[in-house]
Amino acid sequence: MRRIVWVAIAFWVVTVIATGGLAGKLGGAEKNDATTWLPKSAESTKVSELTGKFVGTDAYPAIVVYDRGDAVSSEAARARAEADAIRFGTLPQVRGPVASPVVSDDGKAIQVVVPISVGDKGVTGALPTVKSIREIVSDAGMGVHVTGPAGYGADSADAFSAVNSTLLYLTIAIVIVILLVTYRSPVLWLLPLLCVGVALTVAQGLIYLLAAHAGLTVNSDTEFLLTVLVFGAGTDYALLLTARYREELRRNENRYTAMITAIRRAGPAIAASAVTVALSLLCLVVADLNSTKSLGPGMATGVLVSFAVLTTLYPALLVMCGRWIFWPVAPRFGDLEHGNGRQGRGLERVISSHPRRVWQVTAAILAFLALGLFGLHASGLRAQDTFRTRPDAVVGEQLLLEHFPGGSGDPTQIIGPASEADRLRELAAGVPGVVTVSMPVQVDGLVYLEATTADTTGSDAAFATVKHLRSAVHAVPGAMVGGSSAVALDTQASARHDRNLVVPLVLSVVLVVMAILLRALVAPALVLATVVLSLAAALGVSAVVFDRVLGFAGADPSFPLWAFVFLVSLGIDYSIFLMARIREETANHDTAAATVIAMRTTSGTITAAGVVLAGTFAALLTLPLVFAAEIGFAVAFGVLLDTFVVRTVLMPSLAIDLGDRLWCPRRPRERYPKLLDSQYDSAINHG
């Protein structure tokens with residue numbers, strides 16, 4: 001065993017050295033261009049690929065809006081805008097000459113559209129050029145703002161530029177505090193934190209290799225989600241293994257024997273948890289939406305690496321340090337185990353005395369909370385609603401909407417056969433909501449037109465215009481409609497498709513893993529039902545909080561699916577740990593007594609694990625982006641609900657009520673006699 005300890009430590013030292021340099025390159029491997037985000041089979045995707053013949057697939061417009069007001073004459077304002085347009089055209093990433101400024105009908109505003117080439121980094125790659133544009137106009141003597149797709153992309157990239165390090169430090173701080181409270185040791189928390197840091201570094205390095213050499217798509221969401229997932233899951237595994245090791249140290253004088261026993265008994269549940277999360281995340285690869293598809297393999301890699309590190313390196317470090325690492329509350333051989341405390345035992349008595357009433361009331365409360373789901377508006381967000389703050393792009397768009405048509409500067413794109421150019425222009429011009437249609441541009445037998453709409457990009461009215469446009473131009477065989485509003489509309493449709501496909505697949509995976517772990521059918525089905533009920537309640541409460549408390553305009557179309565995958569795969573962990581311990585204890589006791597023992601032995605650890613995981617996801621609430629805040633709140637609240645309600649009340653009361661029927665179709669073997677009623681009562685009342 002001592003040799004294995006040093007081999008494990010040496011292996012991970014070498015691995016960290018090998019992957020450490022690659023981890024820093026992960027941000028550079030991100031691809032945020034449109035084709036990596038769009039649904040692969042959507043009409044807007046095909047249009048995006050074909051527009052490269054005309055304007056370039058990597059060209060994003062930045063709309064510079066001048067607010068003349070009364071301080072600057074119209075002639076002076078126009079002259080300044082024309083001079084700026086010439087300077088914009090000299091910037092390295094600007095594609096071609098910049099068109100002349102356009103003055104609004106009321107004469108109070110001017111807009112200049114600057115086409116920016118962003119390359120593989122996608123819209124977030126516009127940040128350097130947008131910064132340069134803002135520097136050029138900083139002394140204009142009037143209000144000037146940069147908005148449009150490039151403006152929003154730059155502000156989004158600017159928000160993310162410092163957020164990964166901030167999020168990492170905040171997550172570390174949360175984990176340290178919770179570990180200090182849980183372990184009550186000034187030194188023990190260092191080992192889990194060190195191992196989680198190793199896991200994050202190795203995972204980032206491996207994901208970079210997959211992105212560079214295996215075609216894995218990495219986008220701007222990957223890095224911050226990977227951080228919270230690895231810290232949350234890895235710390236959970238450390239807490240569960242530490243609790244079992246501490247328990248075995250009281251029963252075994254030799255610490256190596258104690259660790260072997262701890263791994264043998266806690267390992268299957270931890271492995272089942274990691275496999276459940278990884279397989280659930282891998283189910284995302286069947287998604288139609290590229291941004292969703294790309295998330296699965298990267299996140300699954302992070303979970304599996306965390307499992308590997310925390311079940312090899314962490315035990316090795318623990319046994320190498322010896323019992324003193326638990327100072328000042330080091331477990332000694334022969335010590336009595338601690339119970340749940342007075343409040344915990346009071347809850348045990350209530351659940352044991354009235355299990356059916358308890359689970360019925362609990363389920364009814366969760367069902368009531370789930371009613372909030374009817375208020376969840378996951379139909380997408382307008383660009384201005386994706387930020388929790390008011391960056392320059394939001395201010396600029398609001399100014400733009402006051403003086404220009406809503407789709408100004410971000411037109412809807414139409415592509416069709418060149419022979420039908422005049423007909424396509426006529427059909428598009430006759431669609432309600434279309435203000436103007438550009439002159440046709442023909443290349444390689446295709447024609448390209450731009451339709452400016454009256455409504456702001458991504459609004460319901462803009463979606464209606466896109467639908468009407470498609471109905472009209474589809475009269476011409478081969479004609480298609482794309483652009484930002486069309487992308488958002490197609491994203492909604494793909495999100496619904498992905499939800500309907502991935503949700504049953506994830507539930508099937510979870511059911512199979514649970515059935516294998518528990519060697520039963522009723523228990524896994526019951527666990528799955530409680531987790532789904534908890535998920536519905538978490539999303540119901542989240543919908544109310546988003547609308548009534550945080551004032552969000554809605555949710556991203558992908559939010560329900562991402563929340564589902566994270567909550568089901570992560571939330572089920574605590575039921576797995578509880579049910580695995582109940583199954584283990586049925587070797588000596590009946591199911592009711594085994595449930596009480598399992599509650600008592602796992603309560604503190606699972607509670608701490610749940611708080612850690614919830615805390616790491618709650619850190620996302622500090623980000624200025626609505627989508628990150630929504631995922632952070634929903635997962636954090638859902639995990640706490642699983643920790644303090646499902647695992648603590650609902651599952652134990654169901655297990656006691658069903659008794660040995662829980663293990664149908666095959667009851668556990670009775671290797672030892674069941675507890676007598678008097679013994680069982682004593683266990684309940686006195687621990």
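Helices (H or I, at least four residues) and strands (E, at least two) are DSSP runs, numbered from the N terminus. Thr452 is found in strand S8, and it serves here as the starting point. This is a predicted model, in which local features need pLDDT of at least 70 and side-chain atom pairs count only at pLDDT 80 or more, whereas totals for chains, interfaces and linings use all residues. Residues are numbered from 1 along each chain as its sequence is written, and side-chain values use heavy atoms, with hydrogens and water left out.

Thr452 counts as buried because its relative accessible area is 17%, where buried means under 20% relative accessible area, exposed over 50% and partly exposed in between, with a 1.4 Å probe and protein chains only. With neighbours within four places in sequence left aside, Thr452 is in contact with Pro405, Gly407, Ser408, Pro411, Gly433, Val434, Val435 and Thr436, contact meaning heavy atoms within 4.5 Å. Strand S8 (446–453) is also one end of a loop that begins after strand S7 (441–443), and Asp444 is found in that loop. The phi of Asp444 is near 50°, a positive value in a residue other than glycine, and Asp444 counts as exposed because its relative accessibility is 64%.

A second residue with such a backbone angle is Arg519, whose phi is near 55°, again positive in a residue other than glycine. Arg519 lies in the loop between H19 and H20 and, at 53% relative accessibility, counts as exposed. The peptide bond from Trp327 to Pro328 is cis, with omega near 10°, and Pro328 is found in the loop between helix H13 (313–321) and helix H14 (341–353). These backbone features deserve a look, because most residues other than glycine have a negative phi, and most peptide bonds are trans.

From the loop that holds Arg519, the path leads back into H19. Helix H19 (residues 484–518) and helix H21 (residues 559–585) pack at an angle of about 10°, with their axes 11 Å apart; the axes are lines fitted to C-alpha atoms, for helices over the stretch in contact, and angles run from 0 to 180 degrees between N-to-C directions. That angle makes H19 roughly parallel to H21, since angles under 35 degrees count as roughly parallel, over 145 as roughly antiparallel, 65 to 115 as roughly perpendicular and the rest as oblique. On the H19 side the residues that meet H21 include Val502, Val506 and Val510, and on the H21 side those that meet H19 include Phe564, Val568 and Ile576. By class, this contact of H19 with H21 has 17 nonpolar, no polar and three charged residues, where Ala, Val, Leu, Ile, Met, Phe, Trp, Tyr, Cys and Pro count as nonpolar, Asp, Glu, Lys and Arg as charged, and the others, Gly among them, as polar.

Other residues of H21 have partners elsewhere. Trp562 is found in helix H21 and is buried, with a relative accessible area of 3%. Leaving aside neighbours within four places in sequence, Trp562 is in contact with Asp221, Leu225, Ser291, Thr292, Leu295, Phe627 and Ile631. Ile576, one of the H21 residues that meet H19, is also among the contacts of Ser273, together with Tyr237, Asp573 and Phe577. Ser273 has its place in helix H10 (residues 255–282) and counts as buried because its relative accessibility is 0%.

Val568, which takes part in the contact of H19 with H21, is also one of the residues lining the second largest cavity, alongside Val531, Ser534, Leu535, Leu567, Gly638 and Asp642. On a 1 Å grid over the protein atoms alone, a cavity is a set of points where a 1.4 Å probe fits but cannot get out, and lining residues have an atom within 4 Å of a point. The structure holds two cavities of 30 Å³ or more, and the second largest has a volume of about 30 Å³, a volume being the space filled by probe spheres set on the points, which are joined across faces, edges and corners. H20 gives the most to the lining of this second largest cavity, with three residues, and the lining divides into four nonpolar, two polar and one charged residue.

Key: 1 Å grid on protein atoms, 1.4 Å probe; cavity = no way out; pocket = protein on both sides within 12 Å on 5 of 7 lines; lining within 4 Å.
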